[in-house]
Amino acid sequence: MYDFDVEKPTSIADAVKALGREEAQPLSGGQTLIPTLKARLAMPSVLVSLKGIAEMRGVCLDDDGRVCIGGGTVHATVAKEVATHYPALAGLAARIGDPAVRNRGTIGGSVANNDPSACYPSAVLASGATVVTNAREIAADDFFQGMFATALDEGEIVTEVKFPVPEKAHYEKFIQPASRFPLVAVFVAKFADGVRVAVTGASEDGVFRWTEAETALSANFSAEAVSGLSVDGSSMISDLHGSGDYRAHLVGVMTKRAVAALA
Amino acid sequence: MTQVKMTVNGKSASGDVEGRTLLASFLRDNLKLTGTHIGCDTSQCGACVVHVNGEAVKSCTMLAVEADGAEVMTIESVANADGSLNVIQQAFQDHHGLQCGFCTPGMVMSASALLKENPKPTEAEVRHYLDGNICRCTGYHNIVKAILAASGQDVSALAAE
């Protein structure tokens, strides 16, 4: 790693101020960023640790019944504290990485990084969640803008994510066994007014909604409803772990499995 | 350089570190607690697992300055006060849960975190919990067996593989 200064603000306001320093970058759980720094793929001069900001941690329910999770909340906490109100989300959090990673990694960090194979973005998108930052609220549909790209401005941090709770939901993940990231994973959320399907791990453009499947499932919520549908393998990630066509095939299989788990 | 102070294995410890100094490096290089191993250095292998404020973390993927003020427990804290092996360590020895021993500190620290939150895990739960600890010698079977035995469960029915 190149060397850097570390700032440890204890409030969102102080964090935003510290991020105004030249070449500053936020550090949340560090489970992606620290390995990235070790590989010298980034060279910030200041890391602003968000770990000491108490107002960014914790889980609560708001007046609209949404599950609100502070951006600095670690996966292990989400796995435990959301289990009653939104079990599919808790189940997703419980299977990110491994126990030690779940004790450090945060939802805000995962969402802000928007790794094309991360778990959380699929839940945020399928739930139609709202990403709250220090400056504004952003709808999930506007937030994710391609591989590692989001609507966040320079120095803007994810302080909270608000999840509307679906009638039922399921996250089906096909694990890439070396990294534990999804090779392909699908989050299906069934709301009173329709079904949302979000896919991670598959596309060159990062997490995306499979709208064709959403339409079919909104009309008929059964695995058969998506049997004839397919996504285009040419826009899927192709690497040594699986070809684009293989990932495209998995999108269909994971969607069917998720729906079958809820039927 | 920044001064950090933390409690390591019940004793107060301090030192000057750079921003980029990893907790694992601070433990090994500054405090000479070399039981914490650095294997992959990419947070995959789990040889560096320690407990920070009671929770298992990979000390190669946490900055030393982030542990300022924390309670850190390493493998050096695990043995009984008289120097004899604790129940998990003894079970690893009894059930041949190690060969070269490189991964063992991380395995034991992960196992103790598991048994703290789930005192009687099933075999499947043990295997799932060890997702982040890699062993290249034993094929895991005897590690899982040792952890089940350490939890007080009868492992005689598990085949000795």
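Start your tour by selecting A:Ala213, which sits in helix α9 (residues 211-219) of chain A. What you have open is a predicted model, so treat each stop as a look at a prediction.

**Stop 1: around A:Ala213**

Is A:Ala213 buried or exposed? It has 25 C-beta neighbours inside 10 Å, so it counts as buried. Leave out the neighbours within four places in sequence, and A:Ala213 is in contact with A:Val197, A:Val226, A:Leu229 and A:Thr255. Add those four to your selection to see what surrounds it.

**Stop 2: across to A:Val188**

Now pick A:Val188, which is 25 residues from A:Ala213 in sequence and 9.8 Å from it in space, C-alpha to C-alpha. Beyond its neighbours within four places in sequence, the contacts of A:Val188 include A:Ala126, A:His170, A:Val197 and A:Thr255.

A:Val188 also leads you to the largest nonpolar core, a set of 129 residues. Which residues have the most contacts inside this core? They are A:Leu89, A:Val161, A:Val188, A:Val197, A:Val199 and A:Val251. Nonpolar side chains tend to be buried together in soluble globular proteins.

**Stop 3: A:Gly108**

Stay in chain A and select helix α6 (residues 107-113), where you will find A:Gly108. With 28 other C-beta atoms within 10 Å, A:Gly108 is buried. Try a distance here: A:Ile157 lies 49 residues away from A:Gly108 in sequence, while their C-alpha atoms are 7.9 Å apart. A:Ile157 is one of the contacts of A:Gly108 outside four places in sequence, along with A:Ser28, A:Met56, A:Gly71, A:Gly72 and A:Val158.

**Stop 4: the domains of chain A**

Zoom out and colour chain A by its domain assignment: domain 1 (5-49), domain 2 (54-163) and domain 3 (168-262). The centres of domain 1 and domain 3 of chain A, taken over C-alpha atoms, are separated by 33 Å.

**Stop 5: where the chains meet**

Show both chains. Here 21 residues of chain A are in contact with 22 residues of chain B. On the chain A side, β1 (5-7), α2 (33-38), β3 (46-49) and α5 (99-102) each supply at least two residues. Colour this side of chain A by class and you will get nine nonpolar, five polar and seven charged residues.

**Stop 6: the sheet of chain B**

Move over to chain B and find the open sheet of five strands, with mixed pairing and the order β2-β1-β5-β3-β4. Why do β2 (11-17) and β4 (55-58) of chain B each have a side without a neighbour in the sheet? They stand at the edges and each has a single partner strand, so one side of each is left free of a neighbour. On average, neighbouring strands of this sheet are turned by 40° against each other, direction ignored.

For a close-up, select strand β1 (residues 2-8) of chain B, which runs antiparallel to β2(B) and is joined to it by seven bridges. Along this pair, B:Lys5 stands opposite B:Ser14 in β2(B). Then add helix α3 (residues 104-117) of chain B, which packs on the sheet and touches β3 (49-52) and β4 of chain B. The direction of α3(B) makes about 40° with that of β3(B).

**Stop 7: a covered helix**

Finish at helix α5 (residues 141-150) of chain B, where nine of the 10 residues are buried. Among them are B:Ile143, B:Val144, B:Lys145 and B:Leu148. Their cover includes α2 (87-94), α3 and α4 (123-129) of chain B. Just after α5(B), click on B:Gly152, which takes a positive phi of about 90°.

How values were computed. Residues are numbered from 1 along each chain as its sequence is written. Chains are lettered from A and ligands numbered from 1 in the order in which they are written. This is a predicted model: local features need pLDDT of at least 70, side-chain atom pairs count only at pLDDT 80 or more; totals for chains, interfaces and linings use all residues. Two residues are in contact if their C-beta atoms, placed from the backbone, lie within 7 Å. Helices (H or I, at least four residues) and strands (E, at least two) are DSSP runs, numbered from the N terminus. Ala, Val, Leu, Ile, Met, Phe, Trp, Tyr, Cys and Pro count as nonpolar, Asp, Glu, Lys and Arg as charged, and the others, Gly among them, as polar. Two strands pair if DSSP finds at least two bridges between them. Axes are lines fitted to C-alpha atoms, for helices over the stretch in contact, and angles run from 0 to 180 degrees between N-to-C directions. A nonpolar core is a set of buried Ala, Val, Leu, Ile, Met, Phe, Trp, Tyr and Cys residues joined through C-beta atoms within 7 Å. A residue is buried if 20 or more other C-beta atoms lie within 10 Å of its own, exposed if 12 or fewer, and partly exposed in between; C-beta atoms are placed from the backbone. Domain bounds come from an automatic or database domain assignment.
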